[in-house]
Each structure stands twice: as structure tokens, then as C-alpha cells.
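Here's a quick briefing to read alongside the picture. Take a look at the sequence and the 3D view before you start on the bullets.

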Amino acid sequence: MSNVGWGYVKHQLGLVLLVVFLCLFVFVLGLILGYAVLGQGHNPLAILSPEKWQSLVDKFTGR
């Protein structure tokens, strides 16, 4: 009886993790496409670099 409960919890947890993974994937894909197409970026993968994010944070915080 308790096995059925844990199976349900594992199934639900798997679904939640799948949705989170898909959301992250779509977010990253949107960043890449937005940077490459709308932002006229030369290297679409440059948006994923920490240096680019640090420069964006510095612009928004006024540093």
C-alpha cells in the first residue's frame, strides 16, 4: 500500500522536473534567438557567457 503512494510521488516529481527542464530550455532558446535576431548579435551563444551577463547587470545597476 505504501509503495503505491511513493510511486505517485515519484511520478509527480518527475513531471515537475520535466516541466522545469522544458521551461529552462525554452528560456535559453529564447535568449539565444532574441540576442541573435532582435539584438543583431554576431555570436548567438555569447549571451550565455558570464561576462555578457556581468556587463548587463552592470548596465542595469549603474556601475
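What follows goes from the overall outline to the helices and then to a few single residues.

Keep in mind that this is a predicted model. In terms of secondary structure, the protein has 2 helices and 0 strands. Its radius of gyration is 19 Å, while a compact globule of 63 residues would come in near 11 Å.

**Overall outline**

- If you drew a box around the C-alpha atoms along the principal axes, that box would be roughly 60 × 25 × 15 Å.
- Just 5% of the 63 residues in the protein count as buried.
- The accessible surface adds up to about 5500 Å², and carbon and sulfur atoms account for 74% of that surface.

**Helix H1 and the nonpolar patch**

- Helix H1 covers residues 2–38, and Leu33 is one of the residues in it.
- Leu33 has a relative accessible area of 47%, so it counts as partly exposed, the class between 20% and 50%.
- Leu33 also belongs to a nonpolar patch on the surface, together with Leu15, Leu18, Phe21, Leu22, Phe25, Val26, Leu29, Val37 and Leu38.
- Taken together, the residues of this patch have about 1000 Å² of accessible area.

**The loop between the helices**

- Gly41 sits in the loop that links H1 and H2.
- Is Gly41 buried or exposed? Gly41 is buried, because its relative accessible area is 17% and the cut-off for buried is under 20%.
- Setting aside neighbours within four places in sequence, Gly41 is in contact with Tyr35 and Ala36.
- Cys23 is 18 residues away from Gly41 along the chain, and their C-alpha atoms are 23 Å apart.

**Helix H2 and what comes after it**

- Helix H2 takes in residues 50–61, which makes 12 residues.
- At 1.5 Å a residue, H2 should span 16 Å, and its end C-alpha atoms are indeed 16 Å apart, so the two values agree.
- Trp53 is found in H2, and with a relative accessible area of 35% Trp53 is partly exposed.
- Which residues does Trp53 touch, leaving aside its neighbours within four places in sequence? Trp53 is in contact with Leu31, Ile47 and Leu48.
- Trp53 and Ala36 are 17 residues apart in sequence, with 15 Å between their C-alpha atoms.
- Just after H2 comes Gly62, which takes a positive phi of about 85 degrees.

Definitions and conventions: Residues numbered from 1 in each chain as written. Predicted model: local features only at pLDDT ≥ 70, side-chain atom pairs only at ≥ 80, totals over all residues. Heavy atoms only, no water. Patch = residues over 30% accessible without salt bridge, like charges linked within 9 Å, V, L, I, M, F, W, Y side chains within 5 Å. Areas by Shrake-Rupley, 256 points an atom, 1.4 Å probe, with all protein chains shown as cover. Salt bridge = Lys/Arg side-chain N within 4 Å of Asp/Glu carboxyl O. Helix = DSSP H or I, 4+ residues; strand = E, 2+ residues; numbered from the N terminus. Buried < 20%, exposed > 50% of the residue type's maximum accessible area, 1.4 Å probe, protein only. Expected span 1.5 Å × (residues − 1). Rg over C-alpha atoms; globule rule 2.2 N^0.38 Å. Contact = heavy atoms within 4.5 Å.
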